[in-house]
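Trainee: I am new to this structure and would like a close look at a single part. Please take one buried position and work outwards from there.

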Amino acid sequence: MEMRLHLHVLAILVIISARPPSVAGGLCRDSCGDVPVRYPLGIDDGCGSPYYRSMLTCADNTTLRLRTPSGTYPVSGADYADPHLVVTDPSMWTCARPFTAVHAAPFSLDTSTRFSLSPRNDHLFFNCDEERVIVAPRPAICDRYPDRCDSACDSAGYLCRNLPGCRGALEEGNMSCCAYRPRAAESLRAMLRHCEAYTTVYWRAVGDKFPPYDQVPDYGVRVDFEIPVTTRCLQCQDRRRGANGTCGFDPATRDFVCICDGGRNSTTDCADGRVTGHGASAGVVAATVVFSISAAIGIGGLVMYIRKMRSSKVVTCGVQSNENRFF
């Protein structure tokens, strides 16, 4: 009975040792709803760049969401030629609904990530307490020395006079508006404590006009991101060579992995639709070596154990000595 138990333990150890380490498996989803998801971003663990790991989720396979310190926000669009995401903050007021006062934390980002707030964003605040916020037309000196005007909220800004989708809504609702250019998210939170609501407008490129008319204002927060360029990723994606892979990483080690069709992994590329000897998954190679070593140790230990069992007396009282104890 005891010998059979040890045999089972050995078999389990050999199986566990033969199991390859966790690697990106399966194909990476390339979209979530209507939003494309490409390198360096990913919604499946092991896909994209590890710099953006676990920062994007896909709710019900329909809504892409970005995680930030201030909350989780829907992503309405993504551009990879001009790398940025467009994020929607549900607490922002837009012309799409009646005006209501909202005191919620404004959208913010973790500055230690590869995401950054685009300078194309403009923040508008509504019905601010003018005893606590300087609401006045922005002085001309602010264009030359913007650092001197941090406390000013420009009530004569272009967007306050031309709010996207409802140019006359502020006058009709007798609402005050001012445009603010903060240094950091902390100043946005301070502003919102003294204003009833806010919104963020980004300048969207239309591409078919000449500057400065090639950009139009739209609601949303533009979040820029970096695209790490590596030789291995370029080789993995090189369709001219027939590679046709997807850049990913090993979730356990964060090492680069080229994910091929059918969920196969390569350390280089997927040329000719095959995983070559060099391109075989490092995890599979490592698992083979571990399996061989574990199997050798297991078999050797089993032989020694059988020899000891044959030469040792039968234990009848449930107490074992060091001579017949199996380690």
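Mentor: Leaving aside neighbours within four places in sequence, H123 is in contact (heavy atoms within 4.5 Å) with C178, A179, Y180, P182, L188, T199 and T200. The model is a predicted one, in which local features need pLDDT of at least 70 and side-chain atom pairs count only at pLDDT 80 or more, while totals for chains, interfaces and linings use all residues. Residues are numbered from 1 along each chain as its sequence is written, and side-chain values use heavy atoms, with hydrogens and water left out.

H123 itself belongs to strand β8. Helices (H or I, at least four residues) and strands (E, at least two) are DSSP runs, numbered from the N terminus. With a relative accessible area of 9%, H123 is buried; the word buried stands for under 20% relative accessible area, exposed for over 50%, and partly exposed for values in between, using a 1.4 Å probe and protein chains only. One partner in the list, T200, also has a polar contact with H123: their side chains are joined at 3.1 Å. A polar contact is a pair of N or O atoms within 3.5 Å; within protein, one must be able to donate a hydrogen and the other to accept it, and residues adjacent in sequence count only if both atoms are side-chain atoms.

Another partner of H123 is L188, and this residue leads to helix α5, residues 185-193. The buried residues of α5 are S187, L188, M191 and L192. They lie on the same side of the helix, because they cover an arc of only 140 degrees around the axis; the arc is that of the directions from the helix axis to the C-beta atoms. E186 and R193, on the other side of α5, are exposed.

What lies over the buried residues of α5? The cover includes β8 (121-128), the strand of H123, along with β10 (152-154), β11 (177-180) and β12 (195-205).

Going back along the chain from β11, the loop between α4 (169-172) and β11 holds N174. N174 has a phi near 55 degrees, a positive value in a residue other than glycine. At 69% relative accessibility, N174 counts as exposed, whereas H123 is buried.
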